[in-house]
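Student: Please give me a close look at one part of this model, the surroundings of the ligand. I would like the contacts, the annotated positions and the burial taken together in a single account.

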Amino acid sequence: MRLILLGAPGAGKGTQAANICARYNIPQISTGDMLRAAVKAGTPLGLQAKAVMDAGALVSDDIIIGLVRDRLLQPDCAGGFLFDGFPRTIAQADALKAAGVPIDYVLDFDVPDEDIVERLSGRRVHPASGRVYHVKYNPPKVPGKDDVTGDDLVQRDDDHEDTVRKRLAVYHAQTKPLVDYYTRWARSGEAQAPKLRRISGVGTVDEVGRRIFAALES
Ligand code: AP5
């Protein structure tokens, strides 16, 4: 299974990715997590990316395409993978297509903008594992602590409301056009075209998960 998750920041891609990857035994390739790891490690890439991410903008296509290209060479990608947060621009989608990387499904998560701000302001994360919680909708068993390790949960620097609104604007300008991109490709009749499935991301985490597996397994 080779998948792309499309959708606005906070649409639930990371939350659902964990269950999808467990079901199909494939790695989650989150460009956001990769960039945050580089920021934490203080690498030159991380230093460059931090200012861009904190401003709610997109890191340059060249950097992202290079990161993904290297990641796909790892042996755990041989049996499939899930892209979470990639591609995010037409240039990234074109690079993926030009590289001949096969994709089975593109899942487009649909969540109204009004819900996104509430979701992201209540998000808490466990940076080491990428596990994601919400103080109201998906709370940890012990408030503020990761369910598995008991480590402290943190709020992401880019989850403050003004940055979230900038990220949403960037999403509408640069990433939403990918829905048309994949719609046109899916309708082209080309054998290698991925199937596009629109998934309503509104409802509980379990309800959204059931819609995803129904779409993938129908
Ligand atoms: P990235 O880390 O990819 O962030 P994002 O796409 O903005 O997505 P999020 O992680 O914010 O949201 P999500 O959809 O995963 O939602 P989640 O499941 O956490 O990117 C960060 C930055 O890195 C970018 O701004 C950019 O600068 C850079 N970057 C990354 N990739 C790039 C690329 N390809 N090109 C260029 N730059 C790139 O859910 C959100 C919250 O809602 C959680 O609290 C969760 O518990 C809750 N929730 C989930 N589902 C539900 C539900 N059904 N009901 C209620 N609450 C729910």
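Tutor: A polar contact is here a pair of N or O atoms within 3.5 Å. The model is predicted, and the distances below are computed from it.

A polar side-chain atom of R167 lies 2.6 Å from an oxygen atom of the ligand. The side chain of R156 also places a polar atom by a ligand oxygen, at 3.0 Å. With G12 the protein partner is a polar backbone atom, 3.1 Å from an oxygen of the ligand. On its own the ligand has 1,000 Å² of accessible area, and the protein covers 97% of that.

The shell around the ligand holds 36 residues, of which T15, A57, R123, Y133 and R167 come nearest. By secondary structure, α1, α2 (31–41), α6 (113–121), β6 and α9 (205–217) each supply at least two residues of this shell. Helix α2 gives the most, with four residues.

Next, the annotation. An unreviewed UniProt entry lists G10, A11, G12, K13, G14, T15, R123, V132, Y133 and G203 under "binding site". K13, from this set, is in the lining of the largest cavity. G12, with its backbone contact to the ligand, belongs to the UniProt list as well.

K13 lies in helix α1, residues 13–24. Its relative accessibility is 9%, so K13 counts as buried, the cut-off being under 20%. The K13 side chain reaches the backbone oxygen of G7 at 3.2 Å. Beyond its neighbours within four places in sequence, K13 is in contact with L5, L6, G7, A8, D84, G85 and F109.

V132, also on that UniProt list, sits in strand β6, which runs over residues 131–134. V132 has 24% relative accessibility and therefore counts as partly exposed. With neighbours up to four places away left aside, V132 is in contact with T15, R123, R124, V125 and N138. Two of these contacts, T15 and R123, are listed among the residues that come nearest to the ligand.

A further "binding site" annotation from an unreviewed UniProt entry covers T31, R36, A57, L58, V59, G85, F86, P87, R88, Q92, R156 and R167. These positions span 137 residues in sequence, and their farthest two C-alpha atoms are 24.6 Å apart, so they do not all gather at one spot. From this set, G85, F86, P87 and R88 help line the largest cavity.

F86 is placed in the loop between β3 (81–84) and α5 (90–98). It is buried because its relative accessibility is 2%. Apart from residues within four places in sequence, F86 touches I4, T31, I64, V68, Q92 and L96. T31 and Q92 are themselves covered by the UniProt annotation that includes F86.

P87 is in that loop between β3 and α5 too, and with a relative accessible area of 2% it counts as buried. Outside its neighbours within four places, P87 is in contact with I4, L6, Q92, A93, L96, L178 and Y182. I4 appears among the contacts of F86 and of P87, while L6 appears among those of K13 and P87.

L178 and Y182 lead to helix α8, residues 177–187, whose buried residues are L178, V179, Y181, Y182, T183 and W185. An α-helix has 3.6 residues a turn, so residues three or four places apart point the same way. What covers the buried residues of α8 includes β1 (2–7), α5, β4, α7 (161–175) and β7 (195–200). Just after α8, G189 takes a positive phi of about 80°.

Strand β4, residues 105–110, contains D108. D108 is buried, because its relative accessible area is 1%. The D108 side chain joins that of R198 in a polar contact of 2.6 Å. Not counting residues up to four places away, D108 touches L6, G7, Y171, V179, L196, R197, R198 and I199. G7 is thus touched by D108, and its backbone oxygen is the atom that the K13 side chain reaches. V179, another contact of D108, is one of the buried residues of α8.

Terms used: Residues are numbered from 1 along each chain as its sequence is written. This is a predicted model: local features need pLDDT of at least 70, side-chain atom pairs count only at pLDDT 80 or more; totals for chains, interfaces and linings use all residues. Side-chain values use heavy atoms; hydrogens and water are left out. UniProt positions are given in the numbering used here, feature names are shortened, and annotations may be inferred rather than shown by experiment. On a 1 Å grid over the protein atoms alone, a cavity is a set of points where a 1.4 Å probe fits but cannot get out, and a pocket is an open set with protein on both sides within 12 Å along at least five of seven lines; lining residues have an atom within 4 Å of a point. Buried means under 20% relative accessible area, exposed over 50%, partly exposed in between (1.4 Å probe, protein chains only). Contact means heavy atoms within 4.5 Å. A polar contact is a pair of N or O atoms within 3.5 Å; within protein, one must be able to donate a hydrogen and the other to accept it, and residues adjacent in sequence count only if both atoms are side-chain atoms. A residue is near a molecule or strand if one of its heavy atoms lies within 4 Å of it. Accessible areas come from the Shrake-Rupley method with a 1.4 Å probe; for residues, only the protein chains shown count as cover.
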